[in-house]
Every structure is written in structure tokens, then in C-alpha cells.
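Subject: Structure for you to look at

Dear colleague,

As promised, I am passing on the structure for you to open alongside your own notes. Below it I have written out what was found, beginning with one strand and working outwards.

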Amino acid sequence: MSVSVFAPASIGNVSVGFDVLGLAVRPIDGTLLGDVVTVTHSNSGDQLTVIGDFAQKLPSDSKDNIVWQCLLLFNQQLVAHQQDVAQVKITLDKRMPVGSGLGSSACSVVAAVAGLNAFYQKYHDFSFAEQELLEMMGKMEAKISGSLHYDNVAPCFLGGMQLMVPDHTIISRSLPAFEDCYYIMAYPGIEVSTKAAREILPVAYARADVISFGQNLATFVDACHRHDKAQAFSVLKDVIAEPYRQAILPGYSDAVKYLTESGCLAVGISGSGPTLFCVTDDFNKAQQFASWLNENYLQTSATGTSEGFVHICQTDSQGAVTLP
Ligand SMILES: Nc1ncnc2c1ncn2[C@@H]1O[C@H](COP(=O)(O)OP(=O)(O)O)[C@@H](O)[C@H]1O
Ligand SMILES: N[C@@H](CCOP(=O)(O)O)C(=O)O
């Protein structure tokens, strides 16, 4: 009598689309890079248990866990739709490092809301529409990062490359992604708070930057629709966040120099960092970049160990899925 949902990692911004573009990714070796939420009926009130590699990094009081907040919001919405509210036991398998730039909080939010929805669909014959679910996810992500941005929750939930549109009846549109590209994701093992990384950004931008931003994003979207990979990745440049955030990412500029000189299609900060992503359509190069990043981008602690990792990924076109 339980339902488990997996929600994948994502690259927020994809360099050209600050807060409005995101891509879901999955490691090619089959690693489940994302969070899993399991929902079961309970006879003793609502409960949340957190397990997994990164469980210790989350608030000790489960009421402060975003998954708990998702349950409260979901229940409110059930009441608003005149539905009975069941008592549930939720287990969060926290597989994603917190403050990583891999959309960790979005993974928990999407797995929780989609998990609850799948549970009600299976056992209570009720489900919310995709749009309502996405709105709930956006609200929860905003609670954590301090402002509403869908660039992680939308690809994490819907899969593929997602472009946010300023129409609350649509929210997100799918863009054709480059399925043959490899995205090498290098998480150095240090934590960067999304909220803090947003606070260091300017409140206003110079006209030249605004023009570059608009031109790069428009060119990228057009190139995606024309399947013009060379054009798309040639404009993958971030004038909004990277110039200000790279200073807080140790080794980032050396990595960009090496990867660019070695012929990657593009390199950038995943979300608010510290994860770096690098794009190539050549598998041999993907392996070369992954091993260089492993050697040079991961940060080691005083004991010589690192909590970082590198994965060779491709586009995850499925998004959140119910596990068998
Ligand atoms: N289930 C959860 N997953 C991730 N972060 C959570 C969760 N519940 C609460 N948090 C808190 O939310 C914040 C997430 O930080 P954030 O920088 O937005 O992470 P990320 O960039 O990895 O999504 C942290 O302070 C963390 O303790
Ligand atoms: N658009 C956001 C994306 C944050 O992604 P995360 O993975 O770091 O949570 C931003 O750049 O602030």
C-alpha cells in the first residue's frame, strides 16, 4: 500500500536563461541522481522519516523539512477541492547533496508533491492537474530560496529542457533538447546556499548586459527549435549570474579555461553552484573532461576526502517517475 516517486537532478538557468530555463539530467551509468519519496497509509498520524546519504545535512526537526511543508500545502489543496485527507507516512530518501546547484530542494519538492498525487490517484481515486501540481511545487521552492523560480522544479517534474513563460495557465513550455549531448556534472563537495548566491547579484544591470542576455536567450531558443547545436551552444553565455558568482567557486575559472581550450561546446555554473556543467557531443571527450574534473575540481577536506562527485549525464526526458 505505498507509492514511490523519483525526481531527477536539474541544471537551473542553463547559463542563458536565469530563472527561466532548466534542464533535467540523468547519469548514463544508471545512478539515481535525485531524491525518492515514498508515501504509505498511516494509522498514527502524519509522519516524515528521512534516510539516505544526505539525510544528516537536513534540519533535525522534520517539520522544517520542505517535504513536510509540501504535505501541509497538499492537504490544504485537498480540503479546497472538498477531498478527504488521509494520514500518511512519508519517507524521503535524500540522495542529493544540499546547496549543490543540482536542484536538490526541487528534487525533494517534486518527489513529495508528485508522490502524494500518485498516492491519492492510486488509493483515493483523486489527482490534481499537472498545472496545479506545478504551482504547488513553485510555491514550495520559493519558500526555500526566497523567490519564485521554476527553472528547477519544472524540468525536474516534466523532464527535458523547460522554458518558463509569463502565463500562469501554462507556466512552462518544453524545448527540443539535444539528445546526443553529454552534460558532465561536477559537484565539488562544498555547499552554496541558493538564497545567499541570489543575494550577491546586482539589483539592476547595464543596458549592454540586458541586450546580450536577450539576444543570447532568444538565439538559443531559436537554435533549439532548428536543432542547430553549434549555434545553440555558441551563445551559452551567462551575463547575469556567472560574473558575480564565480568568485565564490574555488577552481571555477581554471576549469573553464581547461574545458574551453580542450574543445567543450559550453561550460557554466549549474543553478547557483557550486556544481559546474560542461557540454560535449563526443563521448571520448566527455570521459576526458570527467576525469579532469574529478582530479581538479573536487574540494578535499583536511582529512583528504571529498564529498564531491562527477557524473556524465544526458537529458532526462521523463522527469519525475513512479518507481515500480
Ligand atoms: N528536503 C530538503 N531538501 C533540500 N533542502 C532542504 C530540504 N528541507 C529543508 N531544506 C533546507 O533548504 C535549504 C536548501 O538550500 P538550497 O541552497 O536551496 O539547496 P539546493 O540549491 O541544493 O536546492 C537548506 O537550508 C536545507 O537545509
Ligand atoms: N535560477 C536559480 C537556480 C538555483 O538552482 P539551485 O540548484 O542552486 O537551487 C538561481 O540561479 O538562483
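I would start in strand S12 (residues 309-315), where the bridge partner of Val25 is Thr315. Please keep in mind throughout that this is a predicted model.

Val25 belongs to strand S3, and S3 and S12 run antiparallel, joined by 3 bridges. S3 (21-27) has further partners: 3 bridges join it, again in the antiparallel sense, to S7, where Met161 is the bridge partner of Leu23. With S2 the pairing is likewise antiparallel and comes to 3 bridges, and here Ser10 stands opposite Ala24 of S3.

Are the residues of S3 buried or exposed? The strand is mostly covered, with 7 of its 7 residues counted as buried. In a regular strand the side chains alternate between the two faces of the sheet. In S3, Leu21, Leu23, Val25 and Pro27 point one way, while Gly22, Ala24 and Arg26 point the other way, and all of them are buried.

The position of S3 can also be described in terms of the domains. The protein chain is divided into domain 1, covering 2-175, and domain 2, covering 182-315, and the C-alpha centres of the two lie 24 Å apart. Their contact draws 30 residues from domain 1 and 36 residues from domain 2. On the side of domain 1 that touches domain 2, the elements giving two or more residues are strand S2 (10-12), strand S3 (21-27) and strand S7 (161-164), and of these S3 gives the most, with 5 residues. Sorted by class, that side of domain 1 has 15 nonpolar, 14 polar and 1 charged residues.

There is also an open sheet, in which 5 strands follow the order S5-S6-S4-S1-S13 with mixed pairing. Its edge strands are S5 (47-51) and S13 (321-322), each of which pairs on one side only. S5 pairs with S6 (residues 88-93) in the parallel sense over 5 bridges, and within this pair Thr49 stands opposite Thr91 in S6.

Helix H1 (residues 66-80) packs on this sheet, where it touches S4 (34-41), S5 and S6, and its direction makes about 145° with that of S6. Helix H2 (residues 104-124), for its part, lies across S1 (2-8), S4, S6 and S13, and runs at about 150° to S1.

As for the protein chain as a whole, its secondary structure comes to 10 helices and 13 strands. Its radius of gyration is 19 Å, close to the 20 Å that the globule rule gives for 324 residues, so the chain is as compact as a globular protein of that length. The C-alpha trace spans about 60 × 50 × 35 Å along its principal axes, and 46% of the 324 residues count as buried. Among contacts between residues at least 6 apart in sequence, 75% join residues at least 24 apart.

If you have the structure open, a convenient place to begin is Val25 and its bridge partner Thr315, followed by the strands S2, S3 and S7 on the side of domain 1 that touches domain 2.

With best wishes

How values were computed: Residues numbered from 1 in each chain as written. Chains lettered and ligands numbered in written order. Predicted model: local features only at pLDDT ≥ 70, side-chain atom pairs only at ≥ 80, totals over all residues. Pairing = 2+ DSSP bridges. Helix = DSSP H or I, 4+ residues; strand = E, 2+ residues; numbered from the N terminus. Contact = placed C-beta atoms within 7 Å. Axes fitted to C-alpha atoms, helices over the stretch in contact; angles between N-to-C directions. Domains from an automatic or database assignment. Nonpolar A, V, L, I, M, F, W, Y, C, P; charged D, E, K, R; others polar. Rg over C-alpha atoms; globule rule 2.2 N^0.38 Å. Buried ≥ 20, exposed ≤ 12 C-beta atoms within 10 Å, placed from the backbone.
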